[in-house]
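Visitor: I have a structure to look at and some questions about it. Can you take me through it?

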Amino acid sequence: MDFNALYHANFKLFDDAVSDWSTLVEHLADLKKDAEDDLHKAALKADWAGVNAQVSRQFVGKTAGEFGDAHTQATTIHNILLDTQGELKAFHQQLKDAVARGQKKNLTVVDDGGGKFSVMGNTRPDWSSDPSGKTGATDQKDVDDLRDEIQGILGKATESDNSAKTVLMALVDQTRLGFSDASYANRDAAADAVKEADKLAKLAAKDPDDLSVEDFDLLNAGLKKYANDPLFSERFARDLGPQKTLEFWTGLSDPTRGNYEVGHKRLDQLDDLQRNLGLTLAHATQSDSADMTEWKRKMIDLGDKPLYGDRGGPMGFQVMSNLMRTGDYDDQFLKDYGTKLMVTERKMTGNGEHGNPFWQHLGGSAWLNRIGDDSGNDPLTGYLKGLSNSPDAATDFLNQEYVSKDDPDDPFERDTDGNGKKGKVSLSNFQYLFEERDWPQESNLHGDDIVTGQNNLALALEAATTGHPAGEMPTADTPPHSADQAKLMRALVDSVSDDPSRVKDHSYMSDSLGQIGSEYLPDIHRAMADGPTVRDGKSGWDLLYPLGGTDAKLDHSAVTRFLVTVSQNPEGYAALNVGEKAYTASLMDYHLNPDLPADQRYPHDAHETITSISRKSGEFNGLLAQGRQEAVLGPAGEQDSDYDYAVSQKKNFISGFVGTGVGVGTSFIASPVVGAGVGGAAGTVTSMVLEAFYKDDSGQYRSEAGQDIATRWETIKDSTNNINYTAAHEAAKAHHAGYTNQIDSWVSEGTASGFNDANTDIHAMAKDMDTPISG
């Protein structure tokens, strides 16, 4: 800080800027409220259709969110300016006071230019004989003291000014377009984050063998504290750089390589460090700054190269993918990373013709993963886990072409037209990973096979097809299914239908596949509907099962095989079963509402409407019943108690979502086209139906059905009939219908027909696949 600039500072412009930012914050607060209350909420309730349902609604939601980010960024900038204003004014006054005190001692401060100054004494000739001694050492001490005081003031003022500049520039650099959501209560909080990032990055850049236990603890604690801090995350990643990031984790993750003390004393905390480092890097990649753009480019460039060059070591992909297991990485970074990763996979596997020995964990390989049991040597395992947190990137990656049939080195041939002759086929990344890849084999310490990679593929599929992170439920902001999501869903159902062993032999994938199915119930029910009725050019089934996004256009027989296969796993069964019960309740409430607009109404009376809904519900539940009994009575040897437990767990998972206007994971409820806003009782009806279902379902097979196939079939049919009756009766009662005494017979008629349909589906499936069935 220049002496003259601070001493003669005019703070009017600064004061005006702080005042202007204060006014801006107030205005943005109003705009934020208006955007949320008027724009966003109105968009959620609006009757979107076609492309608007997929694009416009999501765009409005993101636009409304930008007002919130703008308010957050403006508030942070105002806080930083306000702090800096107060400090600089205080330093300005301290400087004037110091100069004034010096003047009383006949000391003058001179601005020498270039940021330098000097202090001089005004010595009078008669002081030379003055017995008081105002010259000599005493005078020099006054000069030195004033000089040091002024230098201290200028130093603190410089630090205040520079730290404000640093954090303000960092905030602005966070996003090229739009606004940052970084929030800081004051300038010091932001500056401390930057300082801590510099300190920890310097520690992490040390040779991993030289890190002490104390260094490890500082890093782990600091990364945990600041993992979600945008300024810290970017600064840490930028300071450390891609190469040092990979060297840091590789050096620490394997305690057998060099750092004996840290490796043994902190072995049980390596998983925490991996999580915290991954979260930090994920947050850093969300920045659009030039430094982070270069960081992402360089990290991808290092992916197919040995970490230590000519000295070997793991490939960059093998290291970085393990740090992707936690956090929400930037979508474009994930897409670019995945494209280069699959280029490398093709090179190392002959386009997928054989396995990849370079990514197989061997005795001397580094142990790069500390979250879970797998070694982390296969980079696709960690990368797919990262995709499960980033739905848009997952959809893009899994739909990408892996190999083209026009490629002369394409090793995949299939009989696609049933003429007995095989020809080359193109495969997407999904088809390659789900159907063809030779996954590296690993075992845990007990000798059991580890299937983390395939399980992470199922999680990535869940995110890619549903539009929300795996393991979560959709919210009111989850957009209806896009064309790319629906395309992937169709490919998934067709793949399971073509070869059910792809799921039966990997049953652990079924929890994700069941959740996926529960969010495509309109598409599934449309596929099960035969012969559409048409009114004004619209299919009656489309009106009975409306959806706001793109219809996956599933095949009936493929859906049959998918449902029977996935329901042979308790978690898959529970997701489909509970989702179907809530969906049926919502359909009844929606269609029995007399206020439903005419152009959205199923073109039949209440009798046909209730019967039709009950029939498809019966068919759906009949297929699930078949899958369950195949698992319990067949070679799999599942227990009914496992199914009961899975259903009860699903109840706990979805209970908080019923009545929110989102429901339990079906695009029907999540879509504004057919949202619960049309019928205010939707949440109540759904809750009552689910409570009745949980009460009726508990232990029904153990206590009533036992091992008799016919009895089991009738038991689930009776249970389904009861649930359908509850749904129709409660919806009719909520909407004050006058036909409640006829509902019982209508529901029974539809449910019975549906179970007959399911029986027909099952026998057709067995004939097509030339396999016996239970029942």
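Guide: One definition to begin: two strands pair if DSSP finds at least two bridges between them. Note also that this is a predicted model.

Visitor: In β2, which residue is the bridge partner of L107?
Guide: Strand β1 covers residues 107-113 and strand β2 covers residues 116-121. They pair in the antiparallel sense over 6 bridges. In that pairing T108 stands opposite M120. For L107, the bridge partner in β2 is G121.

Visitor: Which residue in the hairpin of β1 and β2 takes a positive phi?
Guide: The hairpin has 2 residues between the strands. The positive phi there is near 65°. The residue that takes it is G114.

Visitor: What is the mean pLDDT of the protein?
Guide: pLDDT is the predictor's confidence in each residue, from 0 to 100. In this protein, 80% of the residues reach 70 or more. The mean pLDDT is 82.

Visitor: How many contacts beyond four places in sequence does the model have for residues 44-56?
Guide: Over residues 44-56 the pLDDT stays under 50. Where pLDDT is low, the predicted coordinates should not be read in detail. For residues 44-56, the number of such contacts in the model is 25.

Visitor: And how many contacts beyond near neighbours in sequence does the stretch 125-131 have?
Guide: Residues 125-131 also have a pLDDT below 50. The model's count of these contacts for the stretch is 4.

Visitor: How many salt bridges does the count come to?
Guide: The rule asks for a side-chain nitrogen of Lys or Arg within 4 Å of a carboxyl oxygen of Asp or Glu. D239 and R238 form one such pair, with closest N and O atoms 2.9 Å apart. The count comes to 37.

Visitor: Is D239 buried, partly exposed or exposed?
Guide: Buried means under 20% relative accessible area, and exposed means over 50%. R238, its salt-bridge partner, has 35% and is partly exposed. D239 has 30%, so D239 is partly exposed.

Visitor: Which helix holds both E294 and R297?
Guide: Their side chains meet in a salt bridge, 2.7 Å from N to O. E294 is partly exposed at 40% relative accessibility, and R297 is partly exposed at 44%. The two lie 3 residues apart, about one turn of the helix. That helix, residues 290-301, is α11.

Visitor: What is the relative accessibility of E619?
Guide: K616 forms a salt bridge with E619, the closest N and O atoms being 2.7 Å apart. Both lie in helix α25, 3 residues apart, so about one helical turn separates them. K616 is buried, with a relative accessible area of 4%. E619 also counts as buried, and its relative accessibility is 0%.

Visitor: Which residues do salt bridges that share partners join into one network?
Guide: The link is the sharing of partners. The members are R414, E435, E436, D499 and R502.

Visitor: How many residues of helix α14 are buried?
Guide: Helix α14 covers residues 379-387 and is mostly covered. Its buried residues include L380, Y383, L384 and L387. Among the elements covering them are α12, α13 and α17. Of the 9 residues in α14, the number buried is 8.

Visitor: How far apart are the end C-alpha atoms of helix α30?
Guide: Helix α30 has 26 residues. The expected span is 1.5 Å times one less than the number of residues, so α30 should span 38 Å. The distance in the model agrees: 38 Å.

Visitor: Which helix gives the largest share of the largest nonpolar core?
Guide: This core has 141 residues, and F236, M320, L398, L433 and L492 touch the most other members. Among the residues that L492 touches are F430, L461 and F562. The largest share of the core is 9 residues. It comes from helix α24.

Visitor: How far apart in space are S510 and A575, C-alpha to C-alpha?
Guide: S510 lies in helix α20 and counts as buried at 1% relative accessibility. It touches V503, V566, N569 and G572, leaving aside residues up to four places away in sequence. S510 and A575 are 65 residues apart in sequence. In space, the distance is 9.4 Å.

Notes:
Residues numbered from 1 in each chain as written. Heavy atoms only, no water. Helix = DSSP H or I, 4+ residues; strand = E, 2+ residues; numbered from the N terminus. Buried < 20%, exposed > 50% of the residue type's maximum accessible area, 1.4 Å probe, protein only. Contact = heavy atoms within 4.5 Å. Core = buried A, V, L, I, M, F, W, Y, C linked by side-chain atoms within 4.5 Å.
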